[in-house]
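I open this notebook to record, entry by entry, what I looked up in one structure and how I read each value.

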Amino acid sequence: MTNGTRDDDSGRGRDGKSSPDEAALSARLGSLNQRLSKLQDERKLQTDQSETGSGNAQSRASAMAVGLRLSSELVAGVVVGTILGWGFDRLLSTSPWGLIVFMLLGFVAGVMNVMRSAGVGKKAE
């Protein structure tokens, strides 16, 4: 070692007895070891409980699925309304009024579908 002590002393002073500083350090290290093992056990219990519980990853995945379903219903309503409006404009030569009207109707239908699926609006009977 660089401070002039030898490795084979194993923490003892010149007279073969451990110094009070080293005893205090040893006690502090023991206390730290106990606290660390206690914290590791608590974290292990928490991770075990979260894995055996409802599952955070599963709830996140199902929430994402619900969000994708609701957004696709809204987009589908607008797209279908736009296509119908464009079709009526082509058949009846009423451009752009059929497109505007049916796009708005598609948006309203999409919002109603989202509200119904989310449980906010009335359920279809």
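**Entry 1: a term to settle.** Before anything else I wrote down that a residue is called buried when its relative accessible area is under 20%, exposed when it is over 50%, and partly exposed in between. I tried this on Ser93, which has a relative accessibility of 66% and therefore counts as exposed, since the cut-off is over 50%. I also noted that I am working with a predicted model.

**Entry 2: confidence.** I looked up the confidence scores and found that the chain averages a pLDDT of 82, with 74% of the residues scoring at least 70. Among the elements of the chain, helix α3 (residues 97–118) has the highest mean pLDDT, 94, and α1 has the lowest, 85. I remind myself that where pLDDT is low, the predicted coordinates should not be read in detail.

**Entry 3: the overall layout.** Which elements does the chain have, and in what order do they run from the N terminus on? I found three helices and zero strands, and the order is α-α-α. Of the 125 residues in the chain, 7% are buried, and the accessible surface comes to about 10600 Å², of which 61% belongs to carbon and sulfur atoms. When I looked at contacts with a separation of 6 or more, I found that 42% of them are between residues 24 or more positions apart.

**Entry 4: a patch on the first helix.** I searched the surface for nonpolar patches and noted one formed by Leu25, Leu29, Leu32, Leu36 and Leu39, with about 450 Å² of accessible area together. I picked out Leu32, which has its place in helix α1 (residues 20–52). Its relative accessible area is 37%, so Leu32 is partly exposed, being neither under 20% nor over 50%.

**Entry 5: a salt bridge.** How many salt bridges does a search of the whole structure find? The search finds one, in which the side chains of Arg69 and Glu73 meet at 3.9 Å, N to O. Both residues lie in helix α2, four residues apart, which is about one turn of the helix. I then checked their exposure: Arg69 counts as partly exposed at 39% relative accessibility, and Glu73 is partly exposed as well, with a relative accessible area of 21%.

**Entry 6: an aromatic pair.** I noted earlier in my reading that a pair of aromatic rings is described by the distance of the centres and the angle of the planes. The structure holds one such pair, made by Phe88 and Phe102, which are stacked at 5.0 Å centre to centre with 10° between the planes. Phe88 lies in helix α2 (residues 56–92) and Phe102 in helix α3, so the pair ties together parts that are 14 residues apart in sequence. Phe88 is partly exposed, with a relative accessible area of 37%, while Phe102 counts as partly exposed at 24%.

**Entry 7: from α2 across to other residues.** I looked up Thr82, whose place is in helix α2 and which is partly exposed, with a relative accessible area of 22%. Leaving aside residues up to four places away in sequence, Thr82 touches Leu99, Phe102 and Met103. Thr82 and Leu104 are 22 residues apart in sequence and 8.4 Å apart in space, C-alpha to C-alpha.

Ile83 is also found in helix α2, and at 53% relative accessibility it counts as exposed. Its C-alpha atom is separated by 7.8 Å from that of Leu99, 16 residues away along the chain. Ser71, another residue that lies in helix α2, counts as partly exposed at 37% relative accessibility, and its C-alpha is 9.6 Å from that of Val111, with their positions 40 residues apart in sequence.

**Entry 8: the loop between α2 and α3.** What sets the backbone here apart from the usual case? Most residues other than glycine have a negative phi, and most peptide bonds are trans. Ser93, in the loop between α2 and α3, has a phi near 55°, a positive value in a residue other than glycine. Pro96 has its place in the loop between α2 and α3, and a cis peptide bond joins Ser95 and Pro96, with omega about -5°.

Definitions and conventions. Residues are numbered from 1 along each chain as its sequence is written. This is a predicted model: local features need pLDDT of at least 70, side-chain atom pairs count only at pLDDT 80 or more; totals for chains, interfaces and linings use all residues. Side-chain values use heavy atoms; hydrogens and water are left out. Patches are made of residues with over 30% relative accessible area and no salt bridge: like charges are joined within 9 Å, nonpolar side chains (Val, Leu, Ile, Met, Phe, Trp, Tyr) within 5 Å. Accessible areas come from the Shrake-Rupley method with a 1.4 Å probe; for residues, only the protein chains shown count as cover. A salt bridge is a side-chain nitrogen of Lys or Arg within 4 Å of a carboxyl oxygen of Asp or Glu. Helices (H or I, at least four residues) and strands (E, at least two) are DSSP runs, numbered from the N terminus. Buried means under 20% relative accessible area, exposed over 50%, partly exposed in between (1.4 Å probe, protein chains only). pLDDT is the predictor's confidence in each residue, from 0 to 100. Contact means heavy atoms within 4.5 Å. Rings of Phe, Tyr and Trp (its six-membered ring) pair if their centres lie within 6.5 Å; planes under 30 degrees apart count as stacked, over 60 as edge-to-face and the rest as tilted.
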